[in-house]
Amino acid sequence: MKAGSKYIHAGTVPDPSTGAIMTPIYQTSTYVQSAPGQHKGFEYARSQNPTRKALEDALAVIENGKYGLAFSSGVAATDAVIKLLSPGDEVIAGNDMYGGTYRLFTKIFEKFGIKFLYVNMSDAASIEHYITNNTKLIWIETPTNPLMNITDIEAVATIAKKVGALLCVDNTFASPYLQNPLDLGADLVMHSSTKYLGGHSDVIQGALVMNDADVREKLYFIQKSCGAVPGPMDCFLVLRGIKTLHVRMQRHCENGEKIAHFLRNHSAVAQVFWCGFEDHPGYAVAKKQMRGFGGMMSFTLKDDSDANARRVLSSTHLFALAESLGGVESLINHPASMTHASIPREERIKNGLTDSLIRLSVGIEDVDDLIEDLNRAIG
Ligand SMILES: Cc1ncc(COP(=O)(O)O)c(C=O)c1O
């Protein structure tokens with residue numbers, strides 16, 4: 001099936017009891033058994049739920065994987081992956097990634113004896129210097145949040161395979177419409193389904209997709225033992241969101257391209273971070289592994305003061321000042337004080353995330369209105 005048909009039909013069959021075309025929201029905590037141990041595959045809703053199962057099957061289909069698992073948030077999905085590890089294990093992670101992932105690694109898991117090394121992943125070969133016998137996981141985000149750096153997934157997968165480490169790719173920014181990491185050799189794909197998969201800013205959820213049955217069993221065990229499962233209503237919302245992913249992503253890409261060029265040509269804008277520019281350092285890799293460049297971008301102003309950035313951030317009308325991304329409505333964000341505030345300032349600045357950086361999640365409104373809104377705000 002081609003992408004458009006896949007997104008609409010993935011994982012869903014008419015409900016066997018009624019023929020309902022939409023997967024019902026099975027709002028139940030448990031399932032009646034005819035005799036002890038005799039049930040229809042569903043025992044207790046932390047372990048299994050039919051709405052979640054339909055979503056998990058859909059997640060596998062849209063990421064070209066065998067197994068999907070849904071979690072109560074993106075960070076809960078990341079948390080489950082790290083729980084595959086043991087004290088003494090090492091993780092190589094990008095030095096430019098979502099602040100909440102960094103916080104989870106440094107503030108929660110380091111104290112349990114897992115070591116994290118933060119590396120510039122733009123040059124895949126440089127990762128080899130950080131590999132030790134204890135390297136068990138490589139964690140990448142590409143494009144990165146918020147600087148839109150690109151990592152060559154295939155090249156990192158080759159390194160990971162050589163040393164027997166798992167490679168997990170946070171595919172939130174690209175979405176499965178633009179990039180499928182499993183096809184490029186990754187072992188695991190992680191999503192904050194809160195973003196493009198849900199697509200309507202009305203749900204918090206996470207996902208993992210994989211091919212290996214053993215890894216799936218371990219992660220399923222973690223999912224049911226730790227209990228960070230999404231409710232059936234939220235699973236329904238993400239299932240519904242997936243049905244229009246291709247249509248929304250096409251428009252996110254079109255609008256993103258126009259806005260990136262508008263910003264680049266604006267006399268008050270200093271630098272625009274968007275991986276679709278031919279002179280972006282990751283352009284060749286992005287072109288190779290992505291089917292488009294998406295609607296996420298960041299920019300800095302020539303008047304690089306915090307006050308000027310804050311003025312712009314507070315002056316848009318269509319772009320709402322809010323955390324999150326990937327919804328139909330456009331959002332504007334200040335990573336230094338919002339999404340990435342949990343990263344120490346020196347660490348942020350060292351990796352290029354300046355105090356005045358502004359991040360946009362370009363939505364699917366009329367692009368002329370969006371440009372006018374930004375033009376007025378930037379001044
Ligand atoms: C790239 C990326 N990964 C993971 C997450 C965490 O997802 P959630 O907020 O659904 O827990 C986010 C949230 O912003 C994100 O942007």
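A polar side-chain atom of Asp170 lies 2.6 Å from a nitrogen atom of the ligand, a polar contact in the sense of a pair of N or O atoms within 3.5 Å. This is a predicted model, in which local features need pLDDT of at least 70 and side-chain atom pairs count only at pLDDT 80 or more, while totals for chains, interfaces and linings use all residues. Residues are numbered from 1 along each chain as its sequence is written, and side-chain values use heavy atoms, with hydrogens and water left out.

Oxygen atoms of the ligand are approached as well: a polar side-chain atom of Ser192 is 2.8 Å from one ligand oxygen, and a polar side-chain atom of Lys195 is 2.6 Å from a ligand oxygen. Of the 390 Å² of accessible area that the ligand has on its own, the protein covers 93%, with areas taken from the Shrake-Rupley method and a 1.4 Å probe.

The shell around the ligand consists of 14 residues, the closest being Val75, Asp170, Ser192, Thr194 and Lys195; a residue counts when one of its heavy atoms lies within 4 Å of the molecule. By class, this shell holds four nonpolar, seven polar and three charged residues, where Ala, Val, Leu, Ile, Met, Phe, Trp, Tyr, Cys and Pro are nonpolar, Asp, Glu, Lys and Arg are charged, and the others, Gly among them, are polar. Helix 3 (74-82) and strand 6 (188-192) each contribute at least two residues to the shell.

Beyond the ligand site, the protein contains 13 helices and twelve strands, defined as DSSP runs numbered from the N terminus, with H or I over at least four residues for helices and E over at least two for strands. The radius of gyration of the protein is 21 Å, which agrees with the value near 21 Å for a compact globule because the chain has 379 residues; the radius is taken over C-alpha atoms, and the globule rule is 2.2 Å times the number of residues to the power 0.38. Along its principal axes, the C-alpha trace spans about 75 × 50 × 35 Å.

Some backbone details deserve a look. The loop between strand 4 (135-141) and helix 5 (153-163) contains Pro143, and the peptide bond from Thr142 to Pro143 is cis, with omega near -5°. Pro146 lies in the loop between strand 4 and helix 5, and a cis peptide bond with omega about 10° joins Asn145 to Pro146.

Note on methods. Polar contact = N/O pair within 3.5 Å; in protein donor to acceptor, adjacent residues only side chain to side chain.
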